[in-house]
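Colleague: I should like to go through this structure with you step by step. May I put my questions one at a time?

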Amino acid sequence: MQNINITLPSMGEGITDATLIKYLVKVGDQVGEDTTVAEVATDKVDSEVTSAFAGKVVSLTCKEGDVVPVGHILLVLESAENTTSQETTETVSENNFSTFAISAQEVESEQETDENKKFLSPLVKQLIKEFSLTGDEINKITGTGLNNRITKEDIQEFIQKKNEFKKDRETVLSSVAEEVIPSQTINKKATETTYSSSEVEIIEMDRMRKLIAEHMVRSVQTSPHVTSFIEIDVSRLVEWRNHVKDEFQKKHGVKLTFMPVFIETSAMVMNDYPQVNVSVEGNNIIYKKNINIGIATALPVGSLIVPVIKNADQKNLIGLAKSLNDLANRARENKLFPDEIKGGTFTITNLGSFGTLTGTPIINQPEAAILALGEIRKMPAVIETPAGDAIAIRHKVIVSLTFDHRIIDGALAGAFLKKIADTIQNFDISRKF
């Protein structure tokens, strides 16, 4: 007999935890391979956790509603298979959310088959479990033991630095809060008793809103946000779309909006400015080889989700329009797959659909920038003609780029926006789709 731990798998880049919605098994149940054992949710999508092993459930280690870090044990199975190991460590496949076991004997082997593989002794693994360290945290620990193996002292030093950082951060935030907000207003109880039941209705945030709130706060705390704006004359684009939209829908079965054109343009310009298609990890800048554009999509319940069009620069306008329509529809029906909301490298949000002129959206971590489109409006504008300057009615839109000022400076952001504007303003009105 051996026990097998089923853990929360990796949910995608930048996602460190998930909420356990419910267990689909109970203690004593027999499960088979690929049996779904739990439902979890992030601020982006609901997912299922499956087991790659058959066995009997002997323990459920969390409570429904708990926020569980990636790598944390969700439940323990008792397997009837024989083993020569006294300990089992599990990892999770990011692609299919299944789990597989690696015996302690294999983990402790001195024969290294992968230069990136970490060898963990039983004591180290016990410390990792005790302090609930995630896979990302373990990868950040530099081993000082033989063959760069992680030692007990390495774990203790990492925990000490982590606690010191947390303490310093809380001290700074507390000082800022005391300076900006009077201390008596910080007291939660005092705030709650400010209102009488006849004056307000108090409703607790639902799970999705709590997770979105945490994600937004974390983004602002991570990246110094700066926003640049540019006004674009989209008259040629509007003229072209009005001319071809009916034929496009009849031929391809989807509506032709302005968004696919902006996605296409952004992807093209990003090839010229790869410094925008990046993320930050510590002191390293990670340049992304794929251009995966997320599209912020409002849901009927009032929340937000960002499905991702993978390799957007490799799709034509028809492909982008179909992908956009498909992802948006399934997002509103809560039918997206986990892989369709992760891996984004740049995000576009359309504020104009609500009549908003412009905005300064929050960066979708771990990306470095987000583009916001305002409402397209008819505006009086000065244009140059052979007879001199004249006033004409033109279609205009304000576009903003919010960027991470750690790695993107104003000059780069300005050049990126200017290239998008020039491309749109010189749109080929004779273009065939």
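Colleague: How many salt bridges does a search of the whole structure find?
Modeller: The model is predicted: local features need pLDDT of at least 70 and side-chain atom pairs count only at pLDDT 80 or more, whereas totals for chains, interfaces and linings use all residues. Residues are numbered from 1 along each chain as its sequence is written, and side-chain values use heavy atoms, with hydrogens and water left out. A salt bridge is a side-chain nitrogen of Lys or Arg within 4 Å of a carboxyl oxygen of Asp or Glu. Across the whole structure, the number of salt bridges is 14.

Colleague: How many residues apart are Asp233 and Arg394 in the chain?
Modeller: These two residues form a salt bridge, with their closest N and O atoms 2.9 Å apart. Helices (H or I, at least four residues) and strands (E, at least two) are DSSP runs, numbered from the N terminus. Asp233 belongs to strand 11 (residues 225-233) and Arg394 to strand 21 (residues 388-404). The pair links distant parts of the chain, and the separation is 161 residues.

Colleague: Is Asp233 buried or exposed?
Modeller: A residue is buried under 20% relative accessible area, exposed over 50% and partly exposed in between, using a 1.4 Å probe and protein chains only. Its partner Arg394, at 26%, counts as partly exposed. Asp233 has a relative accessible area of 15%, so Asp233 is buried.

Colleague: Which residue forms a salt bridge with Arg431?
Modeller: Arg431 lies in the segment after helix 11 and its partner in helix 9, so the pair ties together parts that are 167 residues apart in sequence. Arg431 is partly exposed, at 23% relative accessibility. The closest N and O atoms are 2.8 Å apart, and the partner is Glu264.

Colleague: Which residue forms a salt bridge with Glu333?
Modeller: Glu333 has a relative accessible area of 47% and is therefore partly exposed. The partner counts as exposed, at 51% relative accessibility. The closest N and O atoms of the two are 3.7 Å apart, and the partner is Lys335.

Colleague: Which residues are linked with Asp326 in a network of salt bridges?
Modeller: Here the salt bridges join into a network rather than being described as a pair. Besides Asp326, the linked residues are Arg330 and Glu340.

Colleague: What angle lies between the planes of Trp240 and Phe427?
Modeller: Rings of Phe, Tyr and Trp (its six-membered ring) pair if their centres lie within 6.5 Å; planes under 30 degrees apart count as stacked, over 60 as edge-to-face and the rest as tilted. The structure holds three aromatic pairs. Trp240 and Phe427 form one of them, at 5.0 Å centre to centre, and this pair is tilted, with an angle of 55°.

Colleague: Where does Trp240 lie in the chain?
Modeller: Trp240 is buried, with a relative accessible area of 2%, and Phe427 is buried as well, with 6%. The pair links distant parts of the chain, 187 residues apart. Phe427 is in the segment after helix 11 (410-425), whereas Trp240 is in helix 8 (residues 235-252).

Colleague: What is the centre-to-centre distance between Tyr273 and Phe416?
Modeller: Tyr273 is in the loop between helix 9 (259-272) and strand 12 (278-281) and Phe416 is in helix 11, so the pair ties together parts that are 143 residues apart in sequence. Tyr273 is partly exposed at 21% relative accessibility, whereas Phe416 is buried at 0%. Their pair is edge-to-face, with 80° between the planes and a centre-to-centre distance of 6.3 Å.

Colleague: Which residue do ring pairs link into a cluster with Tyr273 and Phe416?
Modeller: The cluster holds Tyr273 and Phe416 together with one further residue. That residue is Phe346.

Colleague: How many bridges pair strand 20 with strand 21?
Modeller: Two strands pair if DSSP finds at least two bridges between them. Strand 20 and strand 21 form a hairpin with two residues between them, and Thr385 stands opposite Gly388 in strand 21. Strand 20 (residues 377-385) and strand 21 run in the antiparallel sense, and the number of bridges is nine.

Colleague: Which strands stand at the edges of the open sheet with the order 1-8-6-3?
Modeller: This open sheet has four strands with antiparallel pairing. Each edge strand has a single partner strand, so one side of each is left without a neighbour in the sheet. The edge strands are strand 1 (2-7) and strand 3 (30-31).
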